[in-house]
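Q: Please show me how to read surface and burial features in a model like this one.

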Amino acid sequence: MTDRDAATGLLAGIVAFLIWGLAPLYFKALQHIPATEILAHRSLWSLALALLVLLAVGKLPDLWATLKDRRRLAVLLLSTALIGSNWLVFIWAINSNRVLEASLGYYINPLLNIVLGIVFLGERFRLLQWAAVALAAVGIAHELWQFGRLPLVALFLALSFGFYGLVRKQAPVESLTGLAVETLFMFPLALAYLLWSDSPTSNLLHNSAPLNALLLFAGPLTLVPLLLFNIAARRLNLSTVGFLQYLGPTLMLVLAVLVFHEPFSEGKRLTFALVWLGLLLYTADALLQRRRLRRQRDIG
């Protein structure tokens, strides 16, 4: 891989995570619309754009082949339920002034992935991974003790996205093709909702041009960062992508505190600090493991 490829991958990864991190600004602009309606528009326009891109790059045969494979369709039906519910709760959280909790969910996600790997893929915990997960667990326990409740939004976002990644591993489908199938599964429900909803904004013919433009923008907002992330994943090593993934929730955290003025109490700061410390250990473990594997290759 050339330096130019690495630079392209790094730029693509940064832009992808910038878009994901700044997405709350978009959903806040639609705060007056129900989360279910925004989800319906997101799935419809993501499907339309995904089909156009697949047509443009000559990948529609991949989509037809996937639609004929019953096993992959069954797996993608489950992944549709997971990503659809993740999108819905994320949109609801943003528009319910819970951006801070949403960002916590995506900080927790890498640590949760360790647990899912152990439980479902037979992977082994390393010492630093144990410590990282334990710190995150202490942070969640502190949230329960401090506020008398679990951070349910954060846990749901982390769990749904974590299981989504786990399920998608069971159906080896290229990400754009997979998204097209998932949004195709959502299509009947999304269309039915918009046709029979009594929401005044569900009919595009009754909306202003700027509002319709915002609703249609849900398609590229979903698809563009996914395509950029794929470029980054192909050109960068895993540890670099791991570092970049913290950019999204960090931007959400900044937006929550500085732009949306959500309260960031001392108790909340301690919860985040424990999770951040866990992420530092997780990152250190990934770097050590990468160095160990490189040394083994050099020796071999």
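The dialogue below takes a surface patch, a helix and a buried side chain in turn.

A: This is a predicted model, in which local features need pLDDT of at least 70, side-chain atom pairs count only at pLDDT 80 or more, and totals for chains, interfaces and linings use all residues. Residues are numbered from 1 along each chain as its sequence is written, and side-chain values use heavy atoms, with hydrogens and water left out.

Q: Which residues form the nonpolar patch on the surface?

A: A nonpolar patch joins side chains of Val, Leu, Ile, Met, Phe, Trp or Tyr within 5 Å, from residues with over 30% relative accessible area and no salt bridge (a side-chain nitrogen of Lys or Arg within 4 Å of a carboxyl oxygen of Asp or Glu). Here the members are Leu10, Ile14, Leu18, Leu22, Leu25, Val254, Leu258 and Val259, with about 610 Å² of accessible area together (Shrake-Rupley, 1.4 Å probe, only the protein chains shown as cover for residues).

Q: Which helix gives the most to the nonpolar patch?

A: Helices are DSSP runs of H or I, at least four residues, numbered from the N terminus. Helix 1 gives the most, with 5 residues.

Q: Why does Leu22 count as partly exposed?

A: Buried means under 20% relative accessible area, exposed over 50%, and partly exposed in between. Leu22 is partly exposed because its relative accessibility is 35%.

Q: Is Glu101 buried or exposed?

A: Glu101, in helix 5, is buried, with a relative accessible area of 4%. Its side chain reaches the backbone nitrogen of Val153 at 3.0 Å.

Note on methods
Patch = residues over 30% accessible without salt bridge, like charges linked within 9 Å, V, L, I, M, F, W, Y side chains within 5 Å. Helix = DSSP H or I, 4+ residues; strand = E, 2+ residues; numbered from the N terminus. Buried < 20%, exposed > 50% of the residue type's maximum accessible area, 1.4 Å probe, protein only. Polar contact = N/O pair within 3.5 Å; in protein donor to acceptor, adjacent residues only side chain to side chain.
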